[in-house]
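Reader: I want a close look at one part of this model, and then at how the rest is put together. Please keep it brisk.

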Protein chains: 2
Amino acid sequence: MTGTVSRHELARFVDDVFRRVGMSAAHASIMADALVWANLRGVDSHGVVRLPRYLEMIDEDLMNLRPQPKVSHPVPVGIVIEADRAPGPAILTFAAEQLIERASQYGMAMALVGRMTHSGALGYYTEKAAKAGLACIALNAGVLAAMPYHGARGAVMGTNPISIAVPGGDEPLLFDMATSAISMGKVMAARRTGAPLEPGWAADQDGGPTTDAKAAAMVLPLGGPKGSGLAVMIECLASLLGGHPLIADALLDTGEGSKHRQNALLIAIDIAKFVDLTSFRAEVQRLTEALKALPLAPGSDEILLPGERGYRTMKQRSEKGIPLPPALVAELAAISARLQLAPLMMIG
Amino acid sequence: MTGTVSRHELARFVDDVFRRVGMSAAHASIMADALVWANLRGVDSHGVVRLPRYLEMIDEDLMNLRPQPKVSHPVPVGIVIEADRAPGPAILTFAAEQLIERASQYGMAMALVGRMTHSGALGYYTEKAAKAGLACIALNAGVLAAMPYHGARGAVMGTNPISIAVPGGDEPLLFDMATSAISMGKVMAARRTGAPLEPGWAADQDGGPTTDAKAAAMVLPLGGPKGSGLAVMIECLASLLGGHPLIADALLDTGEGSKHRQNALLIAIDIAKFVDLTSFRAEVQRLTEALKALPLAPGSDEILLPGERGYRTMKQRSEKGIPLPPALVAELAAISARLQLAPLMMIG
């Protein structure tokens with residue numbers, strides 16, 4: 001059972017699921033929008049494939065259905081949120097809205113969000129700021145043991161991503177990368193096809209480098225010390241600045257140990273305070289056109305700007321629907337049956 | 001003629017050289033401190049090896065000996081500097097001082113610096129902020145044609161670096177990376193030893209991948225689209241936000257074309273406004289100790305935190321002197337002869 005689903009039906013379904021298990025209508029609606037946004041852009045790893053795990057996180061009392069976040073402003077340009085284990089997309093959407101308001105007022109602002117659950121795709125929030133005329137940098141720290149620190153054995157860190165977005169000609173330039181060389185999703189895809197991994201992408205159980213996807217137990221940091229160094233700095237900025245350590249608590253089994261939780265730091269700059277916004281957009285457009293007009297490198301089909309493939313996929317999937325793999329369709333069917341909800345209606 | 005020189009004698013020499021060619025005593029002193037700082041930390045690519053080129057840049061009227069920068073504050077938390085082609089270290093040191101003052105007052109601040117010359121080692125400025133109790137992010141955009149955009153043929157971008165520093169237990173955590181996979185310095189070292197490059201590190205004249213250092217004409221972006229995407233976002237933030245485009249002007253040969261100039265964006269956050277500074281330092285210390293206590297990966301000798309090797313080298317070279325390669329010693333001797341300055345006194 002494979003299938004394609006419309007963006008609206010998929011959002012309806014996610015919204016129904018979260019409301020049925022007890023989430024507020026406001027939060028359920030954001031969860032639906034954020035997950036479907038990732039699927040629309042082709043970032044399927046951060047789309048509805050996460051739904052089953054999110055439901056488990058609710059059952060395990062990791063994700064709080066009725067959080068009471070504490071919001072403070074130690075300085076006018078700084079928003080600090082203790083998220084009370086709120087769903088990441090719900091609290092980060094709130095944080096982004098607050099951030100846009102404060103940055104528009106003061107020229108720049110920052111939002112520190114601590115103790116939320118999984119952030120979802122980080123570009124979802126930086127894009128919101130870019131669409132409001134701001135430049136935005138987002139850093140996300142996780143406790144997930146996905147990647148080793150360079151030189152050390154064992155997966156002890158999250159693949160702490162960084163996203164940066166600015167307004168562009170039509171759509172924003174939207175950059176979003178993990179600090180790992182590749183995602184575990186790519187390793188799993190290589191396992192299915194039998195394709196070898198490139199050197200520097202993954203390590204085996206003992207931390208030794210491997211190009212065999214079947215032997216790969218963890219992904220390696222992007223460029224070795226560069227990726228793991230950046231990931232540690234993201235932990236310092238997103239976690240320690242808010243007083244919510246993740247890596248040390250997990251390694252030393254103190255505090256909340258390795259219990260799932262995430263932190264984020266968002267910084268936004270109101271472009272119009274520094275340069276005419278229309279000129280800025282025109283300059284971004286001129287830059288992207290100049291880059292896209294370059295001759296292709298050998299073996300390259302196309303020159304793509306940050307976020308461009310995502311916007312293209314979004315246009316296509318908005319029209320033709322979102323393809324879901326058979327295993328996920330079955331999982332979602334089981335969820336609708338268990339929760340006695342209208343099943344997800346496929347269009348193909 | 002090889003040699004080792006004390007940090008003070010090397011600083012004396014650089015200071016003499018810049019004052020002799022007409023730089024102000026204040027700027028010459030900063031140039032000496034910044035270049036020797038890089039050598040002390042073992043970042044020799046950003047140390048006195050740059051002196052001959054800096055002198056050429058003065059002769060070519062690219063570096064302005066008597067700049068008159070324009071400083072404005074469109075918002076209280078934003079410092080905007082049109083550098084009037086000032087020497088990068090001089091104007092960035094000024095920007096960092098202003099930034100530290102404003103961030104300490106408002107909780108966070110940013111400094112946009114446009115139209116300066118080569119920045120020098122970016123960590124020099126973020127470290128200053130970290131030593132003042134701030135977290136600091138610095139982005140640097142250059143016009144140097146050092147690296148291709150992913151998928152395109154030809155070296156069209158700078159290796160736009162990012163540095164992040166936070167206060168730590170003893171010394172700051174000091175992260176500083178280029179957005180290229182490696183530096184051209186490493187390629188040149190491999191040419192001398194004949195060692196092969198790793199795949200993904202460099203490309204030949206036609207943009208095709210090569211592991212032969214002799215055939216390598218440019219370095220490749222870190223992780224392909226990740227590195228070149230990050231470099232483009234740094235151009236948007238450091239250059240376009242200040243109204244000083246570099247890449248588009250160079251590619252389209254408009255404005256100042258590919259004439260040497262650089263831009264930077266510095267962001268600083270006053271940690272004590274958000275969390276107790278002593279606790280923050282203790283948490284950074286706890287994190288670094290937990291990481292350093294991890295078992296080693298196969299083939300690894302040691303686990304190093306961002307900046308750690310630099311601090312160790314600095315201690316060693318402060319005591320034992322800075323080693324300079326023979327070719328550089330000869331170049332510096334020629335400079336002192338030409339400018340009729342006291343020659344650089346070696347200690348070994």
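How far apart are the end C-alpha atoms of helix 11 (residues 326–339) of chain A, and what should its 14 residues span at 1.5 Å a residue?

Author: The end C-alpha atoms of helix 11 of chain A are 20 Å apart. At 1.5 Å a residue, its 14 residues should span 20 Å, so the two values agree. The expected span is 1.5 Å times one less than the number of residues in the helix. Helices here are DSSP runs of H or I with at least four residues, strands are runs of E with at least two, and both are numbered from the N terminus. Right after helix 11 of chain A comes A:Gln340, with a positive phi near 55°.

First, the ground rules. This is a predicted model, in which local features need pLDDT of at least 70 and side-chain atom pairs count only at pLDDT 80 or more, while totals for chains, interfaces and linings use all residues. Residues are numbered from 1 along each chain as its sequence is written, and chains are lettered from A and ligands numbered from 1 in the order in which they are written. Chain A has a mean pLDDT of 95, and 99% of its residues reach 70 or more; pLDDT is the predictor's confidence in each residue, from 0 to 100. For the complex, the predictor gives an ipTM of 0.97 and a pTM of 0.97.

Helix 4 (residues 88–106) of chain A passes the span check too. Its 19 residues should cover 27 Å, and its end C-alpha atoms are 26 Å apart, which agrees. Of those 19 residues, 14 are buried, so helix 4 of chain A is largely enclosed by the rest of the structure. Buried means 20 or more other C-beta atoms within 10 Å of a residue's own, exposed means 12 or fewer, and partly exposed lies in between, with C-beta atoms placed from the backbone. Just after helix 4, A:Gly107 takes a positive phi of about 100°.

Now the strands. Strand 4 (residues 108–116) of chain A pairs antiparallel with strand 11 of chain A over 7 bridges. Two strands pair if DSSP finds at least two bridges between them. Here A:Val113 stands opposite A:Ala264. Strand 11 (residues 262–270) of chain A also runs antiparallel to strand 5 of chain A, joined by 9 bridges. In that pairing, A:Ile267 is the bridge partner of A:Ile137. Strand 6 (residues 162–166) of chain A is joined to strand 5 by 4 bridges, again antiparallel. There A:Ile137 stands opposite A:Ile164.

Both long-bridged partners are covered. Strand 5 (residues 134–142) of chain A has 9 of its 9 residues buried, so it is largely enclosed by the rest of the structure. Its two faces are both covered: A:Cys136 and A:Asn140 are among the buried residues on one side, A:Ile137 and A:Leu139 among those on the other. In strand 11 of chain A, 9 of 9 residues are buried as well. A:Ala264 and A:Asp270 are among those pointing one way, and A:Asn263 and A:Ile267 among those pointing the other.

A further sheet is open, with 3 antiparallel strands in the order 9-8-10 in chain A. Strand 9 (209–210) and strand 10 (218–219) of chain A stand at its edges with a single partner strand each, so one side of each has no neighbour in the sheet. Strand 8 (residues 202–203) of chain A meets strand 9 over 2 bridges, with A:Ala203 opposite A:Pro209. In chain B, 3 strands likewise form an open antiparallel sheet in the order 9-8-10.

That brings in the second chain. Chain A lies on chain B with an RMSD of 0.0 Å after a turn of 180° and a shift of 0.0 Å along the axis. That is the relation of a two-fold axis. Copies are superposed by least squares on the C-alpha atoms of residues with pLDDT of at least 70 in both. A:Gly223 comes closest to the axis of all chain A residues, at 3.5 Å (C-alpha). The same surface serves both copies: 100% of the contact residues of chain A recur in chain B.

Across the interface, 71 residues of chain A are in contact with 71 of chain B. Contact means that C-beta atoms, placed from the backbone, lie within 7 Å. Helix 7 (residues 225–239) of chain A gives the largest share of the chain A side, 8 residues. That side divides into 51 nonpolar, 11 polar and 9 charged residues. Ala, Val, Leu, Ile, Met, Phe, Trp, Tyr, Cys and Pro count as nonpolar, Asp, Glu, Lys and Arg as charged, and the others, Gly among them, as polar.

Technical notes:
Contact = placed C-beta atoms within 7 Å.
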